[in-house]
Amino acid sequence: MGTALRFDIQAQQGEARAGVLNTRRGPIETPVFMPVGTAGTVKGIRFEELESADLDAKIILGNTYHLWLRPGIEVIKAAGGLHRFIGWERALLTDSGGFQVWSLGALRKISEEGTQFRSHVDGSLRFLSPEVSMEVQAALGSDIVMAFDECAPGQASYEETERSMNLTARWAKRSKSAFERLQTEGADSGHVDAEGLSGEQALFGIVQGASHVDLRRTSLEHTVNIGFDGYAIGGLSVGEEKPVMFEVIEDIAPRMPKAAPRYLMGVGTPEDLVEAVARGVDMFDCVLPTRNGRTGQAFTSRGKLNIKNAQWVNDSRPLDESCPCSVCRRHSRAYLRHLYTSGEMLASILLTHHNLAFFLDTMRAVRQSIRSADFPKFRLEFTERLRANGE
Ligand SMILES: [Zn+2]
């Protein structure tokens, strides 16, 4: 496609790649983890903290489905796009809404044209299609736009998955046409003059096909033939077994265009991230660090830690003794447990901060290890440590 993005791979070890994704809002070192900001907020954390040296998140996600329903694109357009509306100047990626609509289950009706569903906000009947998704994402002005896709359930039959994968291919084509028209019309609210880049939005295509590797390969071929700035693997971590998920990633990621970024959508635990990097993935997003932070679960270098447990009542150690984040520098497990059991909102805020720090630090360490040709050793030690003490 165009010059909206430039991706430079700087080091590679096995299938693992370390590089720089140059967006119109600055460079992003990869592999990268992108915190999820569903409704224009990464839940439980201020933007200042996301920008701080502690976390230094270079790119976050926004959800088309949620923002379209509330506050609605007119509000965001009037504010000058999603960056201005929420007060975030770094890069933003928006999903297409396909996955959220799919998650509504029986409440939606899929046709060739698109998906009809009832809004969870006010019960109104809404219609989402490739064209509508592209219009909403142009109005949001995100830096990376995702094609509108359909996701087949992990346990879907072969025929059902094939039908869904072919629909995704037709929708991908329509997404690209609508996207290009909108760029020409200047519909992108977030347009910026970017050094050496077009300043336009970038568009990623999505590979579907559930756990059927041959369908995945066909889907990849369709997607690459249409041509996108980057390529995503969608529809994983939706109920299939872990080994099945990795089988798909291992087969598909190395077949994806080498010169373009590869994005694994909605995955996963810190261990999943490291394992997917080893199979050639460059970009990730997941709600785990924020969602689990709110329910009292911390991710640490020694596995998961449930702050509710009585064993921490007098424990003066930080959540993770090898974590340099501001929460671990200041607070004990005993205090965090007290906050959580007292229903204090600060418990969620502090656990979310630490969890994001751990995910982002892990990716920094992954990048460093690939650059210094130490990735296999890092991967082994990281995994062994996680399992040593995990719950
Ligand atoms: Zn920490």
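How many residues lie between β7 and β8 in their hairpin? There are four. The model is a predicted one, and this report follows its strands, its zinc site and its empty spaces.

**Strands β7, β8 and β9**

β7 and β8 run antiparallel and are joined by three bridges. Across from Arg108 stands Phe117 of β8. A further hairpin links β8 to β9, with six residues between the two strands. Its turn holds Gly123, whose phi is positive at about 75 degrees. β8 and β9 (residues 125-128) are also antiparallel, and four bridges join them. Here Gln116 has Phe127 of β9 as its bridge partner.

In a regular strand, side chains alternate between the two faces of the sheet. β8, residues 115-118, shows this alternation. Thr115 and Phe117 point to one face and are buried. Gln116 and Arg118 point to the other face and are not buried.

**The zinc site**

Which residues coordinate the zinc ion? They are Cys323, Cys325, Cys328 and His354. The cysteines use their SG atoms and His354 uses ND1, at 2.1 to 2.3 Å. The site is tetrahedral, with angles of 98 to 121 degrees among the four donor atoms. For comparison, the ideal angle for four tetrahedral donors is 109.5 degrees.

Along the chain, the donors are spaced as C-x1-C-x2-C-x25-H. Cys323 sits in the loop between β16 and α12, while His354 belongs to helix α14, so this pair ties together parts 31 residues apart in sequence. Both Cys323 and His354 are buried.

**Cavity and pocket**

The structure has one cavity of 30 Å³ or more. The table sets the largest cavity beside the largest pocket.

| Space | Volume | Nonpolar lining | Polar lining | Charged lining |
|---|---|---|---|---|
| Largest cavity | about 40 Å³ | five residues | two residues | three residues |
| Largest pocket | about 860 Å³ | 15 residues | 18 residues | nine residues |

The lining of the largest cavity includes Arg108, Thr115, Trp102 and Trp171. α5 (98-103) and β7 (108-110) are the elements that give two or more residues to this lining. α5 provides the largest share, three residues.

The largest pocket is lined by 42 residues. Nearest its centre lie Phe99, Gln100, Gly266, Asp285 and Val287. Elements that give two or more residues to the pocket lining include α5, β5 (59-63), α9 (242-252) and α11 (288-294). α5 thus appears in both lists: the one for the cavity and the one for the pocket.

Key: Residues numbered from 1 in each chain as written. Predicted model: local features only at pLDDT ≥ 70, side-chain atom pairs only at ≥ 80, totals over all residues. Heavy atoms only, no water. 1 Å grid on protein atoms, 1.4 Å probe; cavity = no way out; pocket = protein on both sides within 12 Å on 5 of 7 lines; lining within 4 Å. Points joined across faces, edges and corners; volume = space filled by probe spheres on them. Nonpolar A, V, L, I, M, F, W, Y, C, P; charged D, E, K, R; others polar. Donors = N, O, S within 2.8 Å, 3.2 Å for Na, K, Ca; no water. Tetrahedral: all angles 85-135°; square planar, octahedral: opposite > 155°, others 65-115°. Buried < 20%, exposed > 50% of the residue type's maximum accessible area, 1.4 Å probe, protein only. Pairing = 2+ DSSP bridges.
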